[in-house]
Amino acid sequence: MRNPFETEERAAWRRTLADFVAAEITPHADAWDEAGEVPWSLHERLGAFGVWGFGIEERWGGLGFDDAFMRCAYQEEIARCGAGGVGAAVNGRSISVAPIALLGTDELRARVLPDVLSGRKGSSLAITEPGGGSDVANMSTRARRDGNHWVIDGEKTFITGGTKSSFYVVGARTGGEGMKGISLFLVEADITGFSRTALSRKQGWWASDTATLHFDGVRVPTENLLGEEGRGFLAIMRNFNYERIGMTAGCLGAMKACFEDSVAWARERKTFGAPLIERQAIRHKLADMSARIDATEALVNQICWLMNEGETPAAEIAKAKVFGSKSLEFVASEAMQIMGGAGYLRGGRIERTWREVKVMAIGGGSEEVMRDLAARQMGL
Ligand SMILES: Cc1cc2nc3c(=O)[nH]c(=O)nc-3n(C[C@H](O)[C@H](O)[C@H](O)COP(=O)(O)OP(=O)(O)OC[C@H]3O[C@@H](n4cnc5c(N)ncnc54)[C@H](O)[C@@H]3O)c2cc1C
């Protein structure tokens, strides 16, 4: 659908990324997924475009400007390779750099951001714990002050990029119960007392490493506190807005990949003497799939416009994330149905996407939690 907010600059950005994904990512996506990793050169090649640098000053390696449309175009285009794990493998950064850029000291920004934004090093966001991810205010990893240090004890799990990152933005309890007792810290991977265990054998996102992180008396200097003590929950919630609209854009890209492949198949495949595309039952499926894609795209665009206006439309973002993952579930299912048995074979964009529907419905705030949040934000 034509985007009423399109500009030449945004169109050029999208074209550049779309060309790069089509030529340099999609042909390798299956092999990388099967291998369980992407080559590190991909981090650096994407870093050279500046894809993680929105809203971050140039002196720290950022782009020096922000644009929600361009952020989302990146998430959408990389998802078109039809392997969410490829995007996840490199995008742990996109959910962890903002707290460093917004809340870190200049010394910390200078030491971390240029390496991470260029793709030379990785960074991850560590919020979820073995005891639960939805109830962020109830996290139990603790940090206690000891002179010029904070000492962190606890565990985080399901951390994207977890085995490979050099830097972690970690939520930990520095005060009493509830959201006001939470602070954010930067933890470096080579520090004493920190270890990580890979979580293998996921249903999807194979190309992305996921880990459990262990903090056993990890001592970080007080400068590694990101923002004010006890203000971490708010920072986490603000950060979630970008993660969630990015994931919605990712659903959109994956849906477009499924749609393209099912149309191509329906044109090619003949049954009972005619191509599938001529069958009304198939045409209706394609029209319904296309309607979900259009609706998700319209939501993403409208929310990007609001975000560029300086608003934080948390309810709209939460609703869009649910709409995006539910639409993806529908589109991936119908796409596989159109392909028949061939769609069930491992390795195509549709089959991979079908395996990855659930992570979009759970990660970054589950559908249930998103609906609750939206209702609360709407004053219900
Ligand atoms: C592949 C993958 C990558 C991830 N990457 C990261 C990462 O990089 N960093 C990070 O911090 N986390 C990450 N996560 C964790 C993710 O954010 C959590 O899985 C998610 O927030 C849900 O938490 P949980 O799995 O602990 O489920 P729980 O919180 O235990 O919830 C279980 C189920 O109950 C539902 N539920 C919970 N509370 C309610 C309620 N009040 N009412 C109704 N239903 C409810 C949930 O919706 C869910 O369906 C990742 C997860 C996956 C699968």
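A polar contact is a pair of N or O atoms within 3.5 Å; within protein, one atom must be able to donate a hydrogen and the other to accept it, and residues adjacent in sequence count only if both atoms are side-chain atoms. The structure is a predicted model, in which local features need pLDDT of at least 70 and side-chain atom pairs count only at pLDDT 80 or more, while totals for chains, interfaces and linings use all residues. Residues are numbered from 1 along each chain as its sequence is written, and side-chain values use heavy atoms, with hydrogens and water left out.

Polar contacts to the ligand involve L125, whose polar backbone atom is 2.9 Å from a ligand nitrogen atom, and T128, whose polar side-chain atom lies 2.7 Å from a ligand nitrogen atom. A polar backbone atom of G133 is 2.7 Å from an oxygen atom of the ligand. The ligand taken alone exposes 970 Å², of which the protein buries 65% (accessible areas from the Shrake-Rupley method with a 1.4 Å probe; for residues, only the protein chains shown count as cover).

The ligand is surrounded by 17 residues, a residue being near if one of its heavy atoms lies within 4 Å. T128, G133, S134, F158 and S366 come nearest. Strand β3 gives the most to this shell, with 3 residues (helices, H or I, of at least four residues and strands, E, of at least two are DSSP runs, numbered from the N terminus). Because domain 2 (123-230) and domain 3 (234-377) both give residues to the shell, the ligand lies between them; the domain bounds come from an automatic or database assignment.
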